[in-house]
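Trainee: Could you take one part of this model and walk me through it closely? I'd like the cut-offs behind each term as you go.

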Amino acid sequence: MPTSAVYNHKVKILFFEGFGELATLQSTIHDIWARWCSGTLGASTLMYSTSAVLETWPMPPVTDELERAGERYATLRDEIRAQESAGLTDLYNRFHDPADTSGRLEALRGLHRELDLTVLRAYEWTDIDLGLDFRDVGYLPANDRVRLTVSERARAELLKRLTDLNLERHAQEAAMGTK
């Protein structure tokens, strides 16, 4: 990060060695967990809390496949942002707009789908059909409610499995005396 920048106290800066963690945290699977564990600011702005979300997130093992998927995704996302002088908010507003069918954005959506499937494989949850599509979600204002996301059935199953995994890991840590 540039040393000349001044960051708001709510900005979260995470340091990782590679792209596997980025792939996982960028996935729809993590987004579902984050929205379930976080509060909101106003009607819809997610207030991501590292203690409520990141520390309870049952991270899958980082695999070589996750590293590659994360690197491809980050590279294309950064290329699009640089070419279009777009910030992340602008880019993701377009990402979730089904009317925006530009080739580069469609490629990014394709990599995002691949990234989500790679995260499922890291968890060994290949039996879940995400049903990824543009859907109206009730937690956002009417002018911003369409998102590229999983089906409600997949969301419920993912939350169940993530919660079970979180509880299992917590019990293991408690038994070892680390938490």
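Mentor: Happy to; let's begin with contact, which means heavy atoms within 4.5 Å. This is a predicted model, where local features need pLDDT of at least 70 and side-chain atom pairs count only at pLDDT 80 or more, while totals for chains, interfaces and linings use all residues. Residues are numbered from 1 along each chain as its sequence is written, and side-chain values use heavy atoms, without hydrogens and water.

Helices (H or I, at least four residues) and strands (E, at least two) are DSSP runs, numbered from the N terminus. In α4, Tyr73, Arg77, Ile80, Arg81 and Glu84 meet Leu88, Leu91, Tyr92, Arg94 and Phe95 of α5. By class, that contact has six nonpolar, no polar and four charged residues (Ala, Val, Leu, Ile, Met, Phe, Trp, Tyr, Cys and Pro are nonpolar; Asp, Glu, Lys and Arg charged; the others, Gly among them, polar). The axes of α4 (residues 64–84) and α5 (residues 88–95) come within 10 Å and cross at roughly 110°; axes are lines fitted to C-alpha atoms, for helices over the stretch in contact, with angles from 0 to 180 degrees between N-to-C directions. The two helices are therefore roughly perpendicular (65 to 115 degrees; under 35 is roughly parallel, over 145 roughly antiparallel, the rest oblique).

From α4, a salt bridge leads onward: a side-chain nitrogen of Lys or Arg within 4 Å of a carboxyl oxygen of Asp or Glu. Arg121 and Glu65 form one at 2.6 Å, N to O. Arg121 sits in α6 and Glu65 in α4, so the pair ties together parts 56 residues apart in sequence.

Helix α6 (103–123) is also among what covers the buried residues of α7, as is α2 (28–37). Buried means under 20% relative accessible area, exposed over 50%, partly exposed in between (1.4 Å probe, protein chains only). Arg161 of α7 counts as buried at 18%, yet its side chain meets Asp127 in a salt bridge of 2.7 Å, N to O. Asp127 lies in the loop between α6 and β3 (133–136), so this pair ties together parts 34 residues apart in sequence. Asp127 is exposed, at 56%.

Within α7, Glu152 and Arg155 make a salt bridge at 2.9 Å, N to O. Being three residues apart, the partners are separated by about one helical turn. Glu152 is exposed at 51%, whereas Arg155 is partly exposed at 31%. Salt bridges that share partners also join Glu84, Arg94 and Asp100 into one network, which brings us back to Glu84 in α4 and Arg94 in α5.
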